[in-house]
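Colleague: Hi! Could you walk me through this structure in plain words?
Modeller: Happy to, here it is.

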Amino acid sequence: SLRLERAAHTLKGAADVFVAKTAVQACWEVECMGKNGQIDQAEAAWKGFERKLQQLSAALQRLVDSSASTLGSEAAFGISEREEQR
């Protein structure tokens, strides 16, 4: 249960970087279950986290796609013509 707690804690921090509150909440729940030895309940909570992570991934992909189409792919990723010529 300590490994589960640590893994959930690490993922919670990563999700927090993106201000993904629902993913952070789901990780917190899994982390608490690991801390309290509730391994039997953690699988369902983990699946909830995976769904939140998929939603975050899709939202980030839409953001990248939107930026690329609006700015052009080079500008969206901060690549100038001068850098491409190097």
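Modeller: One term before we begin: two residues are in contact when they have heavy atoms within 4.5 Å of each other. Also, this is a predicted model, where local features need pLDDT of at least 70 and side-chain atom pairs count only at pLDDT 80 or more, while totals for chains, interfaces and linings use all residues. Residues are numbered from 1 along each chain as its sequence is written, and side-chain values use heavy atoms, with hydrogens and water left out.

Colleague: Thanks! How many helices and strands does the protein have?
Modeller: The protein has five helices and zero strands. Both are DSSP runs numbered from the N terminus, with at least four residues (H or I) for a helix and at least two (E) for a strand.

Colleague: And what does Glu5 touch, leaving out residues up to four places away in sequence?
Modeller: Glu5, which lies in helix H1, touches Glu31, Gly34 and Lys35.

Colleague: Which side chain of opposite charge is nearest to Glu5?
Modeller: That is Lys35, 4.2 Å away, and Glu5 is buried with no salt bridge. For charges, Lys and Arg count as positive and Asp and Glu as negative, with His and the chain ends not counted. A salt bridge needs a side-chain nitrogen of Lys or Arg within 4 Å of a carboxyl oxygen of Asp or Glu. Buried means under 20% relative accessible area, exposed means over 50%, and partly exposed is in between, using a 1.4 Å probe and protein chains only.

Colleague: Okay, so how many salt bridges does the whole structure have?
Modeller: A search finds two. Lys12 pairs with Glu31, with their closest N and O atoms 2.8 Å apart. Lys12 is in helix H1 and Glu31 in helix H2, so this pair ties together parts 19 residues apart in sequence.

Colleague: Are Lys12 and Glu31 buried or exposed?
Modeller: Lys12 is buried at 17% relative accessible area, and Glu31 is buried at 9%. Setting aside neighbours within four places in sequence, Lys12 is in contact with Val24, Cys27, Trp28 and Glu31.

Colleague: What about the salt bridge of Glu43?
Modeller: Glu43 pairs with Lys47, and their closest N and O atoms are 3.7 Å apart. The two are four residues apart in helix H3, so about one helical turn separates them. Glu43 is exposed at 54% relative accessibility, whereas Lys47 is partly exposed at 43%.

Colleague: Switching topic: which residues make up the largest nonpolar core?
Modeller: There are eight: Ala15, Ala20, Ala23, Val24, Ala26, Cys27, Phe49 and Leu56. Helix H2 (21-35) and helix H3 (39-71) each supply at least two of them, and the largest share, four residues, comes from H2. A second, separate core of five residues includes Ala8, Val30, Met33 and Ala45. By nonpolar core I mean a set of buried Ala, Val, Leu, Ile, Met, Phe, Trp, Tyr and Cys residues joined through side-chain atoms within 4.5 Å.

Colleague: Nice. How many disulfides does the structure hold?
Modeller: Zero, where a disulfide is a pair of cysteine sulfur atoms within 2.5 Å. Cys27 is buried at 0% relative accessible area, while Cys32 is partly exposed at 23%.

Colleague: Last one: what share of the residues is buried?
Modeller: Of the protein's 86 residues, 21% count as buried.
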